[in-house]
Amino acid sequence: TLSKAYDGTTSAAVTAGALSGVAAADVANVTVSATAAYATAAVGTGKTINVTYTLSGSAAANYTAPVSSSVTIGVITALPLTVSAPTITLSKVYDGTISASATAGTLSGVLAADAANVTVSPTAVYDNKNIGTSKTITVTYTLSGSAAANYTAPVSSSVTTGVITAKALTVAAPTITLSKAYDGTKSASETAGTLSGVLAAD
């Protein structure tokens, strides 16, 4: 079998072909078994698979096993991982970005031998930066660690309950003209103080 999903081993499935050359009197007493192994356990294409043969049976000692063979078209595909629901901070104050905060759930599917060498990191973003409710937040995942290349990251997930609230601004004390001559109105003259809190991009 030329392809398998990553399992942390070099084992490959093989069935021996028909054995030739055994004397007719020994046919019932000589059998051949094949063992196949990838050159390495890592994910990849164009991988070498080596096949070796072993003889068994009461007449096996009278024969030598067939020579080993190999192919260079083996494939080991990455093992897909899953993750439980992330913890998402569903609300933030407007900051001019689409960034959101999320913590990944529990990662599943990593082989025990790789557990210390595969970690998952989430990235969460709003659909846009503007204030609003019922906003979509999408969480994508990235794998890291020395064994990460043997796995595929969990599929993205999303919620539609995100909220971005308006950013509160402040202003310095206004300059007010405290006196005027009677003009029959209630109007007064003032100049607003400095506005603070507006993002540089806005």
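**Strands 3 and 4.** I began with the pairing of strand 3 and strand 4 (residues 44–56) in this predicted model, and I found that the two run antiparallel and are joined by eight bridges. Looking up one position in that ladder, I noted that Ala36 has Val51 as its bridge partner in strand 4. The connection between strand 3 and strand 4 is a hairpin, and I recorded that it passes through five residues.

**Faces of strand 3.** I then asked which residues of strand 3 (residues 31–38) lie on its covered face and which on its uncovered one. The covered face holds Val32, Ala34, Ala36 and Tyr38, whereas Thr31, Ser33, Thr35 and Ala37 make up the uncovered face.

**The other side of strand 3.** I followed strand 3 to strand 2, with which it pairs in the antiparallel sense over two bridges. Here Ala12 stands opposite Ala36, so I list Ala36 with two partners, Ala12 in this pairing and Val51 in strand 4.**The sheet around them.** I placed these strands in an open sheet of five strands, whose order is 1-5-4-3-2 and whose pairing is mixed. Strand 1 (3–5) and strand 2 (11–12) are at its edges, and because each has a single partner strand, one side of each is left without a neighbour in the sheet. For strand 1, I found that the partner is strand 5 (residues 69–77), joined to it by three bridges, and that the two run parallel. In that pairing, Ser3 has Val75 of strand 5 as its bridge partner.

**A second sheet.** I also looked up an open sheet of five strands with the order 9-16-14-13-10, in which the pairing is mixed. Its edge strands are strand 9 (91–93) and strand 10 (99–100), each of which pairs on one side only. Within this sheet I checked strand 14 (residues 132–144) against strand 16 (residues 157–165), and found them antiparallel and joined by five bridges. The bridge partner of Gly132 in strand 16 is Ile164.

**The whole chain.** Turning to the totals, I counted zero helices and 20 strands in the protein chain. Its radius of gyration is 35 Å, whereas a compact globule of 202 residues would have one near 17 Å, and its C-alpha atoms fill a box of roughly 130 × 25 × 25 Å along the principal axes. I noted that buried residues make up 21% of the 202 residues. Among contacts with a separation of 6 or more, 61% come from residues 24 or more positions apart.

**Surface and charge.** The protein chain exposes about 12200 Å², of which carbon and sulfur atoms supply 58%. Finally, I recorded 8 positive and 8 negative side chains, with the centres of the two sets 10 Å apart.

Key
Residues are numbered from 1 along each chain as its sequence is written. This is a predicted model: local features need pLDDT of at least 70, side-chain atom pairs count only at pLDDT 80 or more; totals for chains, interfaces and linings use all residues. Side-chain values use heavy atoms; hydrogens and water are left out. Helices (H or I, at least four residues) and strands (E, at least two) are DSSP runs, numbered from the N terminus. The radius of gyration is taken over C-alpha atoms; the globule rule is 2.2 Å times the number of residues to the power 0.38. Buried means under 20% relative accessible area, exposed over 50%, partly exposed in between (1.4 Å probe, protein chains only). Contact means heavy atoms within 4.5 Å. Accessible areas come from the Shrake-Rupley method with a 1.4 Å probe; for residues, only the protein chains shown count as cover. Lys and Arg count as positive and Asp and Glu as negative; His and the chain ends are not counted. The place of a charge is taken as NZ of Lys, CZ of Arg, CG of Asp or CD of Glu. Two strands pair if DSSP finds at least two bridges between them.
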